[in-house]
Structures are given as structure tokens and as C-alpha cells.
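Got a minute to look over a structure together? Have a scroll through the model first, then come back for the quick tour.

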Amino acid sequence: MSQNIEWTTAGSVAMPNIRPCFLDAWISLVAGDHGYTVGKLRFIFCDDEEILRINREFLHHDYYTDIITFDYTRKDRVSGEMFISLDTVASNAKLVGTTYDRELLRVIIHGVLHLCGINDKGPGEREIMEAHENEALDRLQALLFGLLNENSDRQK
């Protein structure tokens, strides 16, 4: 596990079933694909009420969201804190017809892509963000497939 990436929870939510060592490697690869190295990253999993509180307090928005990213990136080193509402991840997964796990991975990398300078609020930017998210998810699949093949080769 990377010493630069922290995975934690806020409030009463349980830590989702993630593999930090794989995610840390994936995040580093994706950041590298965009010309960045990984600095201090902190992922905080929370519930809807906590994300609403943060949204109101820091961004003056009065609505639920899946992720709030605080960007501390300097030059070519991504750094920041990302609050992820597991409640909204679950409801969004149902809404778009995907699995909870895939939606959680998409939200995690969405935050990292924001730190890499990719936006999603302006005209046409949402489509660009989605393309980068899909590329990153494909990259994770290739990474995991490569590890599985590597382990299979070792066992022969």
C-alpha cells in the first residue's frame, strides 16, 4: 500500500470492500498517464448526511453528491482530499444500471482525474470526463488481468 494514499471513513459508515494495494497502483498509473505523480491523497468514505454537511459548509451547495474533491495539487504532483458518499454511490449505481463496485471505482478515479485538471461542468466537459473515466477503468481491468496472468505463469 502506498504511503501517500490514505483510505478512511467518517462517521458510522463501514469501509467498503476495496483492495488498497491495487487501487494505489492504479491511481499512480492513471496519474502518470496524465503527466502527474502521486502526492498525498486521502479518500474519506462517508454517508449522505456528511457529504451534504461538507457541501453546505465548504462549497455553499445544498444538495447531495457522490464526491467532493479538495485539490491541493502543486505542479505535477496530485494531492487532495476526496469525500465519497457511499449512499449516493449505491443509488447512482442503481440509477445507471451498473454494479456498486464499478460505480465506486468510477467515483474514486473521477476525483483523481479532477486533480489531474479534467473538469466536468462546462460545455462538452462531462463527455471528456466520462471518456477518461472509462479509459481509467479499462486500465484497471488490464492491470488486474495482467496480475492474474502473472500469477498463473508463476504456478506453472
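Here is a short briefing on the cores, the strand pairing, the pocket and a few individual residues.

Keep in mind that this is a predicted model. The largest nonpolar core has 33 residues, and the largest pocket holds about 660 Å³ of space. Two residues worth keeping on screen are Phe83, found in strand β4, and His110, which lies in helix α4.

**The largest core**

- Who sits at the heart of the contacts? Trp26, Ile27, Phe43, Ile84 and Ile108 touch the most other members of this 33-residue core.
- Helices α1 (20–33), α3 (86–96), α4 (100–115) and α5 (125–155), along with strands β1 (5–9), β2 (37–46) and β4 (77–85), each put in at least two residues.
- Which element gives the most to this core? That's α4, with seven residues.
- As a bit of background, nonpolar side chains in soluble globular proteins tend to be buried together.
- Trp26 is a handy place to start looking: beyond residues up to four places away in sequence, Trp26 touches Leu105, Ile108, Ile109, Ala136, Leu137, Arg139, Leu140 and Leu143.

**The second core and Phe83**

- There is also a second, separate core of eight residues, with Ala10, Cys46, Ile68 and Phe83 among them.
- Is Phe83 buried or exposed? Phe83 counts as buried because its relative accessible area is 13%, below the 20% cut-off.
- Setting aside neighbours within four places in sequence, Phe83 is in contact with Ile44, Ile51, Ile54, Asp66, Ile67, Ile68 and Phe70.
- One of those contacts, Ile68, is a fellow member of the second core.
- If you want a distance to check, Phe83 and Ile18 are 16 Å apart in space, C-alpha to C-alpha, and 65 residues apart in sequence.

**Strand pairing**

- β1 and β2 run parallel and are joined by five bridges.
- To find the pairing on screen, pick Thr8: its bridge partner in β2 is Ile44.
- Have a look at the handedness here, too: β1, α1 and β2 make a left-handed β-α-β unit.

**The largest pocket and His110**

- The largest pocket is lined by 26 residues, and the closest to its centre are Asp66, His110, His114, Asp120 and Lys121.
- α2 (48–59), β3 (67–71), α3, α4 and α5 each supply at least two residues of the lining.
- His110 is among the residues closest to the pocket centre, yet its relative accessible area is 7%, so it counts as buried.
- Leaving out residues up to four places away in sequence, His110 touches Ile67, Asp120, Arg126, Met129 and Glu133.
- Asp120 therefore turns up twice: as a contact of His110 and as one of the residues closest to the pocket centre.

**Two loop residues with positive phi**

- Where is His60? Look in the loop between α2 and β3.
- His60 isn't a glycine, but it has a positive phi of about 60°.
- His60 counts as exposed because its relative accessibility is 67%, above the 50% cut-off.
- Lys75 sits in the loop between β3 and β4, and it has a positive phi of about 55° without being a glycine.
- With 81% relative accessibility, Lys75 also counts as exposed.

Notes
Residues numbered from 1 in each chain as written. Predicted model: local features only at pLDDT ≥ 70, side-chain atom pairs only at ≥ 80, totals over all residues. Heavy atoms only, no water. Core = buried A, V, L, I, M, F, W, Y, C linked by side-chain atoms within 4.5 Å. Buried < 20%, exposed > 50% of the residue type's maximum accessible area, 1.4 Å probe, protein only. Helix = DSSP H or I, 4+ residues; strand = E, 2+ residues; numbered from the N terminus. Contact = heavy atoms within 4.5 Å. Pairing = 2+ DSSP bridges. Right-handed = clockwise from strand over helix to strand, strands pointing away. 1 Å grid on protein atoms, 1.4 Å probe; cavity = no way out; pocket = protein on both sides within 12 Å on 5 of 7 lines; lining within 4 Å. Points joined across faces, edges and corners; volume = space filled by probe spheres on them.
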